[in-house]
Amino acid sequence: MIELNHVKMKYPVSKTYALNDINIKIEEGEFVFIVGTSGSGKTTLIKLLLKELDPTSGSIKVAGYDYAKMKRRSIPKLRRNIGVVFQNFRLLKDRTVYENVAFAQRVIETPSRFIRRQVPAMLTLVGLADRYKAYPRQLSGGEQQRVALARALVNKPAILLADEPTGNLDPKNSWEIMRLLEDVNKKGTTVVVVTHNKEIVNMMQKRVITLKKGELISDEQKGGYIDED
């Protein structure tokens, strides 16, 4: 589902590599944590997977797409296969919960009859069916993240990429989001979670890929958060 071979990434003004000779293979249906301190290369990796950046060298294949051979017009189609959840939710403040989720479908011109069926189904999945008329300001942080998750999933992506999904949440809401991600994974979606949350990583015992200063230092099938000090 995701394959990086000898990927290097060096920004024009940098003297060092943000990512240096990274080799990662993630199979369909896996649940993977990517961890590392600030400056480890996690953000760069996310941008490469979303094809917001192109690597300095090496190859990237995601959901059947070879990034080196892709035409620019194919990028939107690629991104339909990748649902993304961010730390800061990125909800449209002037739209209701329903409209925020529906927006992801309107962008790809999904017929209204499908939107009317799929949006309520997604809101039910994340436990917010009764809040569909609410605006983001009326929701707790945990509820806002669940809306963001519903929006990321409504187009049924093959991959869900969660970038610090619990970063702005208290422990209770953090665990609720992680349980939802685990449920999504059990239904067949490949889930990749970038996080600093040591407790969650250590408790869940999933595959853990650890980056440090742009290099992959550990890849454990049932691992924990490695303290680098």
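Here are legends for a handful of close-ups of this predicted model.

**View 1. The open sheet, strand by strand.** Six strands make up this sheet, and reading across gives S6-S7-S8-S3-S9-S10. The pairing is mixed. Strand S6 (82-85) and strand S10 (215-220) sit at the edges, each with a partner on one side only. From one strand to the next, the twist averages 15°.

**View 2. S7 alongside S8.** Here strand S7 (residues 159-163) and strand S8 (residues 190-194) run parallel, joined by five bridges. For a handy landmark, look for Leu160, which stands opposite Val191 in S8. Helix H6 (residues 171-186) belongs in this frame too: it lies across S7, S8 and strand S3 (31-35). Relative to S8, helix H6 runs at about 150°.

**View 3. The S9-S10 hairpin.** Strand S9 (residues 207-212) pairs with S10 in the antiparallel sense, with five bridges between the two. Leu211 and Leu216 in S10 stand opposite one another. Two residues separate the strands of this hairpin, and Lys213 in the turn has a positive phi of about 50°. Go back along the chain from S9 and you reach Gln205, in the loop between helix H7 (198-204) and S9. Gln205 also has a positive phi, near 55°, though it isn't a glycine. With a relative accessible area of 37%, Gln205 counts as partly exposed.

**View 4. H5 packed on H6.** Two packed helices are described by the angle between their axes and the distance between the axes. For helix H5 (residues 141-153) and H6, the axes come within 10 Å and cross at roughly 15°. That's why H5 and H6 are described as roughly parallel to each other. The crossing of H5 past H6 is right-handed. On the H5 side, the contact is made by Gly142, Gln145, Arg146, Leu149 and Leu153. Their counterparts in H6 are Asn173, Glu176, Ile177, Leu180, Leu181 and Val184. Sort the residues of this contact by type and you get six nonpolar, three polar and two charged.

**View 5. The buried residues of H3.** Helix H3 (residues 97-107) has a buried set made up of Val97, Tyr98, Asn100, Val101, Ala102, Ala104 and Gln105. What do the buried residues of H3 pack against? Their partners are helix H4 (112-125) and H5. Keep Glu109 in the frame as well: just after H3, it takes a positive phi of about 60°.

**View 6. Lys8 and its surroundings.** Lys8 belongs to strand S1 (residues 2-9). How far apart in space are Lys8 and Asn20? C-alpha to C-alpha, the two are 4.6 Å apart, while twelve residues apart in sequence. Setting aside neighbours within four places in sequence, Lys8 is in contact with Tyr17, Leu19, Asn20 and Asp21, and also with Pro55, Thr56 and Ser57. Lys8 is partly exposed, at a relative accessible area of 26%.

**View 7. Ala63 in its loop.** Ala63 lies in the loop between strand S4 (57-62) and strand S5 (65-66). Check its backbone: phi of Ala63 is near 50°, a positive value in a residue that isn't glycine. Is Ala63 buried or partly exposed? Its relative accessible area is 21%, so Ala63 counts as partly exposed, given that buried means under 20%.

Conventions. Residues are numbered from 1 along each chain as its sequence is written. This is a predicted model: local features need pLDDT of at least 70, side-chain atom pairs count only at pLDDT 80 or more; totals for chains, interfaces and linings use all residues. Side-chain values use heavy atoms; hydrogens and water are left out. Two strands pair if DSSP finds at least two bridges between them. Helices (H or I, at least four residues) and strands (E, at least two) are DSSP runs, numbered from the N terminus. Axes are lines fitted to C-alpha atoms, for helices over the stretch in contact, and angles run from 0 to 180 degrees between N-to-C directions. Contact means heavy atoms within 4.5 Å. Angles under 35 degrees count as roughly parallel, over 145 as roughly antiparallel, 65 to 115 as roughly perpendicular and the rest as oblique. A crossing is left-handed if the near helix is turned anticlockwise from the far one by less than a right angle, and right-handed if clockwise. Ala, Val, Leu, Ile, Met, Phe, Trp, Tyr, Cys and Pro count as nonpolar, Asp, Glu, Lys and Arg as charged, and the others, Gly among them, as polar. Buried means under 20% relative accessible area, exposed over 50%, partly exposed in between (1.4 Å probe, protein chains only).
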